[in-house]
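Here are some comments for a colleague who is beginning to read protein models. Please keep the sequence and the structure open while going through the points.

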Amino acid sequence: MAATVEPVPEVPPLIWADSEPDGALLEPPLTRAEITAALLRIADAEGLAAVSVERVATELGTAGPSLGLHIRRPGDLDDLLLDGVFAELVPSWSEPGEWRADLRAGAFQLREAIRRHPWFARLTFRRPLFGPRALSWLEHTMAVLERAGLDITVAAAYAAIVTGHVMGTAMCEAEEAEMERVRAGARSTHERHFDVAAFLDGLVAGGQYPTFSRFLQAGARHLTVDESFEISLDALLDGLALRVERA
């Protein structure tokens, strides 16, 4: 009996495959840039759940009737949102051989963009990043590494590693901040400290986790999220530097 072959899911069409209507000729006039700006305002103020064609039409007011000529599929809104954030990033070009400075600057820019738009990192898993601004960012990151002497395939892999690190770190920060907000409520930082103090004291007394217990007993200052990000990014770039040197 022949094995059943599962159908391959179709990739949803991207808005970038469609020619943009001439916004000046529409009645009322409307451009993709104006739609993108409205989408960013909605997502930032109300979250991704609030983003819809109807909500955008309301935000745009009299320009709403022309919206259907631009937005043909639900995924079009996501495509414009993603590329709208990438449009805020400005590639950094240093002297040849200074690839590390360019990647580092780009990583910090991307992290700040995710902080401004907490929904962005999660949205990147829903749509391919093939918008013109996203591709320009990818082109820059790969070109920086290729200029350092790496094979293009390796350059692409390293570019993805750095971007993935920034995305993952920023998503963790956003989730932890939300968890802290929900857990804290109206309680002060001092009050919340005692929520876990007794539990941690029990761990130390139990002796089951000696290394972690020494860390707790040392009374070391906890790193801020900014410090942790900088340390982890530099450690990643240190590793890439060794590979670039070998290449």
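1. A polar contact is a pair of N or O atoms within 3.5 Å, and within protein one of the two must be able to donate a hydrogen and the other to accept it. With that in mind, please look at S66 in this predicted model, where the side chain of S66 reaches the backbone oxygen of P28 at 2.6 Å.

2. The residue S66 is found in the loop that runs between α2 (53–60) and α3 (74–86). When residues up to four places away in sequence are not counted, S66 touches L26, E27, P28 and L30, so that P28 appears both in this list and as the partner of the S66 side chain.

3. Is S66 buried or exposed? Its relative accessibility is 1%, and because buried means under 20%, S66 counts as buried.

4. A separate place to inspect is the second largest pocket, which holds about 280 Å³ of space. It is lined by 14 residues, of which F86, L129, L138, T163 and M167 are the closest to its centre. The elements that give two or more residues to this lining are α6 (132–147) and α7 (152–184), and α7 gives the most, with 6 residues. By type, the lining residues divide into 10 nonpolar and 4 polar, with no charged ones.

5. On confidence, the mean pLDDT of the chain is 87, and 89% of its residues reach 70 or more. Helix α1 (residues 32–46) has the highest confidence, at 96, whereas helix α8 (residues 189–206) has the lowest, at a mean of 75. Where pLDDT is low, the predicted coordinates should not be read in detail.

Definitions and conventions. Residues are numbered from 1 along each chain as its sequence is written. This is a predicted model: local features need pLDDT of at least 70, side-chain atom pairs count only at pLDDT 80 or more; totals for chains, interfaces and linings use all residues. Side-chain values use heavy atoms; hydrogens and water are left out. Helices (H or I, at least four residues) and strands (E, at least two) are DSSP runs, numbered from the N terminus. Buried means under 20% relative accessible area, exposed over 50%, partly exposed in between (1.4 Å probe, protein chains only). Contact means heavy atoms within 4.5 Å. On a 1 Å grid over the protein atoms alone, a cavity is a set of points where a 1.4 Å probe fits but cannot get out, and a pocket is an open set with protein on both sides within 12 Å along at least five of seven lines; lining residues have an atom within 4 Å of a point. Grid points are joined across faces, edges and corners, and a volume is the space filled by probe spheres set on the points. Ala, Val, Leu, Ile, Met, Phe, Trp, Tyr, Cys and Pro count as nonpolar, Asp, Glu, Lys and Arg as charged, and the others, Gly among them, as polar. pLDDT is the predictor's confidence in each residue, from 0 to 100.
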